[in-house]
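This briefing covers helix packing, buried faces and a few backbone details in one protein chain. Please keep the structure open while reading.

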Amino acid sequence: MSDLSLYRNIGIFAHVDAGKTTTTERILKLTGKSHKIGEVHDGEATTDFMEQEAERGITIQSAAVSCFWGGSSNQWAKDKFRFNVIDTPGHVDFTVEVYRSLKVLDGGIGVFCGSGGVEPQSETNWRYANESKVARIIFVNKLDRTGASFYRVVDQIKNVLAAKPLVMVLPIGIEDNMTGVVDLLTRKAWVWDDSGQPENYEIQDVPADMVDDVEKYRAELIETAVEQDDEMMMEYLDGNEPSIEDLKKCIRKGTIELAFFPTYCGSAFKNKGVQLVLDAVVDYLPSPTEVPAQPEVDPEGNETGEFATVTPDGPLRALAFKIMDDQYGALTFTRIYSGKLEKGATVLNTFTGKTERVGRIVEMSADDRIELDGAQAGDIVALVGLKNVQTGHTLCDKDHPATLEPMVFPDPVISIAVAAKDKANAEKLGTAIGKMVKEDPTFIVETDQDSGETILKGMGELHLDIKVDILKRTHKVEVEVGKPQVAYRETITKRIEDSYTHKKQSGGSGQYGKIDYIIEPLDPEEGVDFEFESKVVGGNVPKEFWPAIEKGFKMSKDKGVLAGFPCLNFKVTLVDGAQHAVDSSAIAFEIAAKAAYRQSIPKAGPTLLEPIMKLDVFTPEDNVGDVIGDLNRRRGMIKEQDRTPTGIRVKADAPLSDMFGYIGDLRTMTSGRGQFSMEFSHYAACPKNVADEVIAEVKKREEEKNK
C-alpha cells in the first residue's frame, strides 16, 4: 500500500501566457518523466495535446500527469515523492477547468508573469483557490523578460489579491542578466550557466551586492514563520535563531493554514529556479491526509455532518471531476478520497442511484495511459467503462452510500445556432454533441422546438469557437454556424397585487383553483432568482396545493413576457385564494399559477437585462486614447487605468452585445500589441433603444419561423 505522506496532488494555475504549461514541461523534465522539453510556442507541449491547443499556443482543457521527485540534491532518493500534477487553462472562457481541478487538489502553484504581474484571470483563479481552501506556493515566472520586476509583483500580490507572500528566494540579476536565485533559508546562491540545461547550476556564496537585501528579507521570513509556534517565537525574541528544519515546519504549518504563501521566482523557459519550487512542493504543500476532509451531503445538497476522511481503510468515496472522450471511449477522471478501487469493481453513483462497473483503471500522462490494477485514497486516476457518470457525481461503496459536496457551474452568457449541412452530418452531430456536453458542464445544448435548430451555449466567443472547431475536426461533422446571440434575461420593476381564478367545468369532474398573490421585484445583489412564500391562513388554499402553485410560477419564469428570455429576481407571495371540495386539485392550482404569471408579469413593469462583462485591456501607452474612445462607443464604463512597465491596463465594464469581434479591432488599433480578457460580471437593465431592438429582432425571428 502506498504511503500517503509521499503524495502531492497539485495544480498549476495562472493568467493566460504566464507560463503554466512551460513550468509543467520543466517539472516533467526534472522529474525524469520526459527526456525532451516540449515548447508551447512550437506546439509540442506534453499537456497541450489537443490540435487546437498546439495551434493556438493556449491550454484549453486541464491535463493530468503523474511523476516522481527525489529532491534537487537527491535528498529523498530512497522515498521519492509522487506528484499528481494538473496543468489548467488560463483563458477566462475555460475557468471551469480551473475550478473543477482546484476542487480535487490538495495544493497549487500560482504562476505570475514577472512583467505582467497580477492579471485579471490571476484574480479569478486566486478567488477560486481561496473558495476551495487550497494551499499554494507562488512562482513569479518570466523574470528574464523586459520590464520584469520580482518586487513589483510581490507588492501586487499583497495589494491586488490581499494575500501574504512569504519571500523565500531573491533573483540574482533581472531581465537579460538574470543568472539565478538566492535561497534565503540557506543563504546560498543557485547560479545557472548559459547552456539552458536545468541541471547545469552551481551553489555559490551570496553575491556581495546582495548581502544586505538577503539579510533584510531573511529576517522578515523568520519573523513571519515563527508566528506559527509560540515557543519558537519566544526563543527567537530571546536572540536564538531557529534551525532550518524548525523553520521549515513553521512554514509548512502556515502554508497549509493559508496564513501565507511561500514565494519563489525564476524563468521556467530558461530553466532557472524550478528545482527550488519542486522542493517547496514537498516541504510546504500538504499530503492528502493533511487537508480538511470532504463534507458529505444529503440529496438536497445540505451537509450531513459526516466527512470522507482520507484513508485507504474507509469505505469508497470518490468524485468524478472531469469526463474526456477519446478514441477508446469515455474517460472519467476521478479523485479517490477514501477507500480503495479495483479493476472490475462495481460502484454506486449516488446521483443516478445506479451501479456502474469499472472496466479499467488508468494513470494518465497527458494523453498517454498506464494500466493499473487498483487505486486508493489520495490517487487521481481515470476510469474506463462508466456509462452514466457526469462531472460532480460521487462514486461510492454500494453497501455504504454517501454523496460528496457537488460542483456548481456558472450559466452560459452567449449562444450560437448550428445546423448540419446534410442528413449524414445531422446523425453525426447528435452523437458528437452528446459526448461534448458530458465533457464540459458549461457547454449547454438546446434544440429550438420551432425551427429545429441546435443552439450551443457557452462562456464566451473563444469557448464556442473551439467547440465548433472540435465538431468539425475531431468529430468530422460539417456544420453551418449562425451569428452569436447574447443570453438576455428579463425582470420586473413594480410590485403588483393580483388574483386569478382557474375554472373549468364540462361534465364529470371539473377543475377549480383561485389564488390571490403579490408579485414584487427582488434585489439582484441578494443573488436570488426566484422566491415563493405562502401567507395563507386557514384552509382557503390547503397546504398540499402550495407546492403546485410554486411549481406553476417556477416553470413559467423560464419564458419572459417581453422576448421569451428567462425572468429573474422576483418573489411571489400567496396571500389568499379559494378551493372547491370536489374540483380542486394540484394540477388545477398549477394551471392557475401559470395563467397568473402570464396575466400579472406584463403589469409589473417588465424590463430586459443584458450581461455586463468585466474587461481588462492592455494597450501600449500611445494607443490608450483610441482604446478608451472605442470602449466608450461600445457603451463601456471605464473603472480604472493602471500604468505598467510596458503599457497601460484599462479596467472597464461593457455589455457583451457590443463586444463581439473586439479582439480584431483592438489588434488593429494597437498594431497587434493589445491584449484583453473578459469575464461575466452581472446583469444590468438594457437602455430602452437597445431593448426595443432586441425585442423587435426576436419577434422578427418568430415571424420567419411561423411562415
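## Helix pairs and their surroundings

Helix H6 (residues 211-226) and helix H7 (residues 230-237) have axes that come within 8 Å and cross at roughly 140 degrees. H6 and H7 are therefore oblique to each other. The model is a predicted one. The chain contains 16 helices and 38 strands, and 54% of its 707 residues count as buried. Of the contacts between residues at least 6 apart in sequence, 72% join residues at least 24 apart.

**H6 and H7**

- On the H6 side, the contact is made by Ala219, Ile222, Glu223 and Val226, and on the H7 side by Met232, Met233 and Tyr236.
- By class, the residues of the contact between H6 and H7 are six nonpolar, no polar and one charged.

**H12 and H13**

- The axes of helix H12 (residues 546-556) and helix H13 (residues 586-600) come within 7 Å, with a crossing of roughly 40 degrees.
- This pair, H12 and H13, is therefore oblique, and the crossing is right-handed.
- H12 contributes Ala548, Ile549, Lys551, Gly552, Phe553, Met555 and Ser556 to the contact.
- H13 contributes Ala586, Phe589, Glu590, Ala593, Lys594, Ala596 and Tyr597.
- The contact of H12 with H13 comprises nine nonpolar, two polar and three charged residues.

**H14 and H15 as a pair**

- Packed helices are described by the angle and the distance between their axes.
- For H14 and H15, the axes come within 10 Å and cross at roughly 150 degrees.
- Angles over 145 degrees count as roughly antiparallel, and H14 and H15 are therefore roughly antiparallel to each other.
- The crossing of H14 past H15 is right-handed.
- Asp626, Val627, Asp630 and Leu631 of H14 meet Tyr662, Leu666 and Met669 of H15 in this contact.
- The contact of H14 with H15 has five nonpolar, no polar and two charged residues.

**Buried and exposed faces of H14**

- Which residues of helix H14 (residues 624-633) are buried? They are Val624, Val627, Ile628, Asp630 and Leu631.
- These residues cover an arc of only 160 degrees around the axis, which puts them on the same side of H14.
- The cover over the buried residues of H14 includes strand E35 (607-619), strand E36 (637-644), strand E37 (647-655) and helix H15 (662-669).
- Gly625 and Arg633 are exposed and sit on the face of H14 turned away from its buried side.

**Buried face of H15**

- The residues Tyr662, Leu666 and Met669 are buried in H15.
- Their arc around the axis is only 65 degrees, which puts them on the same side of H15.
- Among the elements covering the buried residues of H15 are E35, H14 and strand E38 (675-685).

**Positive phi values**

- Most residues other than glycine have a negative phi.
- Arg635, just after H14, takes a positive phi of about 65 degrees.
- Ser671, just after H15, has a positive phi of about 55 degrees.
- Ala162 is not a glycine, yet has a positive phi of about 55 degrees.
- The position of Ala162 is in the loop between helix H5 (150-159) and strand E6 (165-167).
- With a relative accessible area of 70%, Ala162 is exposed.
- Arg187, also a residue other than glycine, has a positive phi near 55 degrees.
- Arg187 is placed in the loop between strand E8 (180-183) and strand E9 (188-192).
- Arg187 has a relative accessible area of 34% and is partly exposed.

**Pro687**

- Where is Pro687 found? Pro687 is in the loop between E38 and helix H16 (688-706).
- Is Pro687 buried or partly exposed? Pro687 has a relative accessible area of 31%, so it is partly exposed.
- Leaving aside residues up to four places away in sequence, Pro687 touches Glu610 and Arg635.
- Arg635 is the residue with the positive phi just after H14.
- Pro687 and Leu608 are 79 residues apart in sequence, while their C-alpha atoms are 8.6 Å apart in space.

Definitions and conventions: Residues numbered from 1 in each chain as written. Predicted model: local features only at pLDDT ≥ 70, side-chain atom pairs only at ≥ 80, totals over all residues. Heavy atoms only, no water. Buried < 20%, exposed > 50% of the residue type's maximum accessible area, 1.4 Å probe, protein only. Helix = DSSP H or I, 4+ residues; strand = E, 2+ residues; numbered from the N terminus. Arc of directions from axis to C-beta. Contact = heavy atoms within 4.5 Å. Axes fitted to C-alpha atoms, helices over the stretch in contact; angles between N-to-C directions. Parallel < 35°, antiparallel > 145°, perpendicular 65-115°, else oblique. Left-handed = near helix turned anticlockwise from the far one by under 90°. Nonpolar A, V, L, I, M, F, W, Y, C, P; charged D, E, K, R; others polar.
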